[in-house]
Amino acid sequence: MSGKVLVCGGAGYIGSHMVRQLVAAGFEPVVFDNLSQGHAAAVEGVPLVRGDLLDPAALAAVFAGHEFDAVYHFAALISVGDSVIAPELYYRNNVVGALNLLDAMRTAGVGRIVFSSTAAVYGNPRTDKIAETHPQAPINPYGWSKLMMEQILADHARAHGIRAVSFRYFNAAGADPGGAIGEAHDPETHLVPNILCAALGLRPMLEIFGDDYDTSDGTCVRDYIHVNDIASAHLAALDWMDAHEGAHVFNLGNGSGFSNLEVLEAARKVTGIDIPHRIRPRREGDAGTLVADSAKAQSHLGWRPQHSGIEEIIESAWAWHRAPKYGPFA
Ligand code: UFG
């Protein structure tokens, strides 16, 4: 495989893992990132254009400078809790920014896009495992911003003939085993890195948001998927789009749910550290349980997660967090 691809948000957590896989597969990625959460050090050796999706001139310039075969779009605000507090930021970045990207693609004649969507489009699930056909009813602006983009992509596919794949990620975690890249948000809001920071003494303790959900131990249940498994599905999507018109959505998860306390216990086993925690009130916008049915991605894309164990996922994150090469704790 070869070809030039634009990776918006390529210096971020999931984007940088994507860039590594693209390089390994023989592609020529160009990263477009405003570095608000991304890190130049995460994409060393790869062309990096510092720019913002809210700046159409910057987008036009990057498309004018290269002939892209496809676009990966990872650049978005991602915190469920923050989206409840400041919805305007989420709609502007995640919807207006992505519309600007689609405009630039259309002007440049680039017709394929892989889009990062989210399990948050489902809201509070009505089934144990969530398939793509499950009703979509987001319970926070973050989820709405992503669902709006899925609709916008479907409409663009009909009106302008673009091909699009949206991946609804469940909970991305872990790091590339090479140790060069990993998760480094500032501030960090995600469970696994916050647990590991508490294990390292970088925060006084883990705060667990809510223990009165309708789950086995009262804490929220999530489906954790290794970041490299997310990236490998994105790679498979390029081939798949060669043969399939239109806009399509796929879940990406392992199909197993772990409560926040179970993840904490798995981290205790991996680190050997009794990580302190306390229970806090619920975080607004959190669904109780989110577990994926990823059969569609498996059957259509021939994709299989390679790192399905929660301890294996945490182990790879632990290796990174003990020796981060960049980010707030480097
Ligand atoms: N949590 C804590 N303490 C923390 C951080 C998180 O208790 O310090 C809890 C949350 O309340 C939630 C669970 O851990 O119950 C997972 O929270 P994360 O913030 O790690 O992840 P989310 O499930 O909120 O969100 C992630 C992605 C979203 C995506 C969603 C879909 O960040 O983009 O998964 O499942 F939409």
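Two strands count as paired if DSSP finds at least two bridges between them. Helices (H or I, at least four residues) and strands (E, at least two residues) are DSSP runs, numbered from the N terminus. The model is predicted, so local features need pLDDT of at least 70 and side-chain atom pairs count only at pLDDT 80 or more, while totals for chains, interfaces and linings use all residues. Residues are numbered from 1 along each chain as its sequence is written, and side-chain values use heavy atoms, with hydrogens and water left out.

**Stop 1: strands 5, 6 and 11**

Select strand 5 (residues 112–118) and strand 6 (163–169). The two strands run parallel and are joined by seven bridges. Phe115 stands opposite Ser166 of strand 6. Now add helix 5 (141–160). Strand 5, helix 5 and strand 6 make up a right-handed β-α-β unit. Right-handed means that, with the strands pointing away from the viewer, the path from the first strand over the helix to the second runs clockwise.

Add strand 11 (247–252) next. Strand 11 runs parallel to strand 6, with six bridges between them. Here the bridge partner of Ser166 is Val249.

How many of the seven residues of strand 6 are buried? Six of them are, so strand 6 is largely enclosed by the rest of the structure. Buried stands for under 20% relative accessible area, exposed for over 50%, and partly exposed for values in between (1.4 Å probe, protein chains only).

**Stop 2: the second largest pocket**

Stay with these elements and select Gln136, Leu147, Glu150, Gln151, Ala154, Ser166, Arg168, Ala247, His248, Val249 and Lys296, which line the second largest pocket. Pockets and cavities are found on a 1 Å grid over the protein atoms alone: a cavity is a set of points where a 1.4 Å probe fits but cannot get out, and a pocket is an open set with protein on both sides within 12 Å along at least five of seven lines. Lining residues have an atom within 4 Å of a point. Grid points are joined across faces, edges and corners, and a volume is the space filled by probe spheres set on the points.

About 150 Å³ of space lies in this second largest pocket. Helix 5, strand 6 and strand 11 are the elements that give two or more residues to its lining. The largest share, four residues, comes from helix 5. By type, the lining has four nonpolar, four polar and three charged residues. Ala, Val, Leu, Ile, Met, Phe, Trp, Tyr, Cys and Pro count as nonpolar, Asp, Glu, Lys and Arg as charged, and the others, Gly among them, as polar.

**Stop 3: salt bridges**

A salt bridge is a side-chain nitrogen of Lys or Arg within 4 Å of a carboxyl oxygen of Asp or Glu. The structure holds 12 of these salt bridges.

Select Arg112 and Asp242, whose closest N and O atoms are 2.6 Å apart in a salt bridge. Arg112 lies in strand 5 and Asp242 in helix 7 (residues 227–243), so the pair ties together parts that are 130 residues apart in sequence. Are the two partners buried or exposed? Arg112 is buried, at 16% relative accessibility, and Asp242 is exposed, at 52%.

Move to Glu265 and Arg268, whose side chains meet in a salt bridge (2.7 Å, N to O). Both lie in helix 8 (residues 260–271), three residues apart, about one turn of the helix. Glu265 is partly exposed at 32%, and Arg268 is partly exposed at 32%. Then select Glu207, Arg278 and Arg280, which are joined into one network by salt bridges that share partners.

**Stop 4: a three-stranded sheet**

Select strands 12, 9 and 14, which form an open sheet in the order 12-9-14, with mixed pairing. Strand 12 (258–259) and strand 14 (289–290) stand at the edges with a single partner strand each, so one side of each has no neighbour in the sheet. Strand 9 (residues 221–222) pairs with strand 12 in the antiparallel sense over two bridges. Val221 stands opposite Ser259 in strand 12.

**Stop 5: the largest cavity**

There are three cavities of 30 Å³ or more. The largest cavity holds about 100 Å³ of space. Select Glu183, Ala184, His321, Pro328 and Phe329, which are the closest to its centre of the 15 residues that line it. Helix 6 (191–199) and helix 10 (310–322) are the elements that give two or more residues to this lining. The lining of the largest cavity divides into 10 nonpolar, three polar and two charged residues.
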